[in-house]
2 protein chains.
Amino acid sequence: MARTMSEDVLSHLGLSTTDDLVGMFKDVKFVCCGGSATRMENFAKFILKKLSSSHLKIDLPTEQNLRNICRTDRYVMYKVGPVLSISHGMGMPSMSIMLNEVIKLIRYATCTDVVFIRIGTSGGLGLAPGSVVITGEAVNYEFKPIYQLPVLGHMRSWQTTLSRDVAEAIKACALPDDGYDVVINKTMATDDFYEGQGRLDGALCDYTEEDKMDYLKEAYRNGVRNIEMESTCFASITSRANIKAAVVCVTFLDRLHGDQVTATKETVQQWQERPQQLVARYILKCLEEPQGMK
Amino acid sequence: MARTMSEDVLSHLGLSTTDDLVGMFKDVKFVCCGGSATRMENFAKFILKKLSSSHLKIDLPTEQNLRNICRTDRYVMYKVGPVLSISHGMGMPSMSIMLNEVIKLIRYATCTDVVFIRIGTSGGLGLAPGSVVITGEAVNYEFKPIYQLPVLGHMRSWQTTLSRDVAEAIKACALPDDGYDVVINKTMATDDFYEGQGRLDGALCDYTEEDKMDYLKEAYRNGVRNIEMESTCFASITSRANIKAAVVCVTFLDRLHGDQVTATKETVQQWQERPQQLVARYILKCLEEPQGMK
């Protein structure tokens, strides 16, 4: 971080060091993010309800006062006491911009012990649609736990380390009567939704159903249980910044049985809430029993 | 495209083959796209004004009737007669989802001779900030005109072919008293805004100012005049789909002199309109003189 600059503009958030970042953000302990702006607004309202009905003494906004803090249209960000709920768009490049700027934000705000959690959606492999996968290891298209990015003309490679403790603690928040499976397994991150995930229904496709199934089955044999577009980048950037992080995604379909989601809109909406419920329970537990968690 | 499916859902647009895609989109001749939803809404209003005040006999909405057609929060899409104005978010993965679904959309709608134009923002190299770069060649981090994506476990590589004719025709729309330079040159596309573009002001940086300058100067020597995050993917996907395409970006700063934009918000806003003006003039010319253009 260029500490010599007189002003540092977090340009995609629309915030800057001329804002009172310490005053605005010092108490942040959880950064929750997901692709969709609507989903992250809903999560902000959801966690607000949960925190409001808890016995915790926390300064909270009312739902009417809950405002998007970003001053651009690139992301939305809501603050609910110690929780930031922020969107990251789709794919690693979009997410990496948000992560860089939010990590700078929490450093400027002198936040400590912040946990980052991605609350996402994904395609599953060999799981009942609606199951939740907590990422045990984020892997690339060769099932390797690395994130690669060209920097100054050379391909760089980083480990994709996530917090096993946080993953286990979130899994422990599942209840027997929730009615869905929660597993800790490998998540594969791709740079494309169609060809990059072996779909047959994109605008371009020069492989067969058999080629696709061979690859998806190989992914399954290698322990991959869901596929999304952010986890390796998320794991790599947070771990390089010494931030504990977890990825919790619901699966909308079993890719071993198709490419398109066949569940109704209402069902998909309910499934989307599952990672939010688990993560909200985890956050509540952390705040209520600060010694035992995180 | 899986033509055997009874319904094909363009899930990130929120449209489907159960919609009357032919009735809704058959007359589309130009697909204009850019990262920001607000910018593409503004472009829709701008092109509406231009088309309304032309002598062309085209069915147009009123500004009050201009509605976002997307039924999700992933992108926004506006239709102004023969022009679609659609956002693609930031980065190639986000853009590739939009492109796949919009290409399927125009195929289902039986559109013909559609030109795709990306109207973007970028960092410049050795140009006065506010200059406009029309991409002559889209190159990757090694200055090669290729787009790479892993498909079914193997790294694939495609050419990044854009239409020279469309680029020249757009450049010819610049007027001597516009007050800014318009050049046709190489554009480098990256998968990250901070380390991926050699910035020193991200959350993570393990190289020096000298390393950065060496790389940016090497890019300049190789003919690169601006850096953004989409052009190679855009060129590759459109050319594989046999679609003529162009990329027109304004530059917000000269990266040889810094990493952050120092122009005022008002100036940046005015600069953003420059690619829109050029592209609007090009579209008007195409519609007025259909024989000579495209």
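What follows is a working chat about a predicted model with chains A and B.

Biologist: Before anything else, what is the secondary structure of chain A?

Modeller: Bearing in mind that this is a predicted model, the secondary structure of chain A comes to seven helices and 12 strands. Its radius of gyration is 19 Å, close to the 19 Å that the globule rule gives for 294 residues, so chain A is as compact as a globular protein of that length.

Biologist: And what does the C-alpha trace of chain A span along its principal axes?

Modeller: The C-alpha trace of chain A spans about 55 × 50 × 35 Å along those axes, and 49% of the 294 residues of the chain count as buried. Of the contacts in chain A with a separation of 6 or more, 76% are accounted for by residues 24 or more positions apart.

Biologist: OK, switching to the pair: what rotation superposes chain A on chain B?

Modeller: A rotation of 180 degrees, with 0.0 Å of shift along its axis, superposes chain A on chain B with an RMSD of 0.0 Å, which is the relation of a two-fold axis. The same surface serves both copies, in that 100% of the contact residues of chain A recur in chain B.

Biologist: How many residues does the contact take from each chain?

Modeller: The contact takes 51 residues from chain A and 51 residues from chain B. On the side of chain A that touches chain B, the elements giving two or more residues include helix H2 (37–52), strand E8 (146–151) and helix H5 (209–221) of chain A, while H3(A) gives the most, with eight residues.

Biologist: How do the residues on that side of chain A divide?

Modeller: The residues of the side of chain A that touches chain B divide into 26 nonpolar, 13 polar and 12 charged.

Biologist: Now helix H3 of chain B: how many of its residues are buried?

Modeller: H3(B) is mostly covered, with 16 of its 17 residues buried. At 1.5 Å a residue, helix H3 (residues 92–108) of chain B should span 24 Å, and its end C-alpha atoms are 24 Å apart, which agrees. Just after H3(B), Thr110(B) takes a positive phi of about 60 degrees.

Biologist: Last topic, then: which residues have the most contacts inside the largest nonpolar core?

Modeller: Those residues are Val248(A) and Val248(B), in a core of 167 residues.

Biologist: And what does Val248(A) touch?

Modeller: Leaving aside residues up to four places away in sequence, Val248(A) touches Ile117(A), Ile119(A), Val132(A), Ile134(A) and Ile170(A), together with Pro275(A), Leu278(A) and Val279(A).

Conventions. Residues are numbered from 1 along each chain as its sequence is written. Chains are lettered from A and ligands numbered from 1 in the order in which they are written. This is a predicted model: local features need pLDDT of at least 70, side-chain atom pairs count only at pLDDT 80 or more; totals for chains, interfaces and linings use all residues. A nonpolar core is a set of buried Ala, Val, Leu, Ile, Met, Phe, Trp, Tyr and Cys residues joined through C-beta atoms within 7 Å. A residue is buried if 20 or more other C-beta atoms lie within 10 Å of its own, exposed if 12 or fewer, and partly exposed in between; C-beta atoms are placed from the backbone. Two residues are in contact if their C-beta atoms, placed from the backbone, lie within 7 Å. Copies are superposed by least squares on the C-alpha atoms of residues with pLDDT of at least 70 in both. Helices (H or I, at least four residues) and strands (E, at least two) are DSSP runs, numbered from the N terminus. The expected span of a helix is 1.5 Å times one less than its number of residues. Ala, Val, Leu, Ile, Met, Phe, Trp, Tyr, Cys and Pro count as nonpolar, Asp, Glu, Lys and Arg as charged, and the others, Gly among them, as polar. The radius of gyration is taken over C-alpha atoms; the globule rule is 2.2 Å times the number of residues to the power 0.38.
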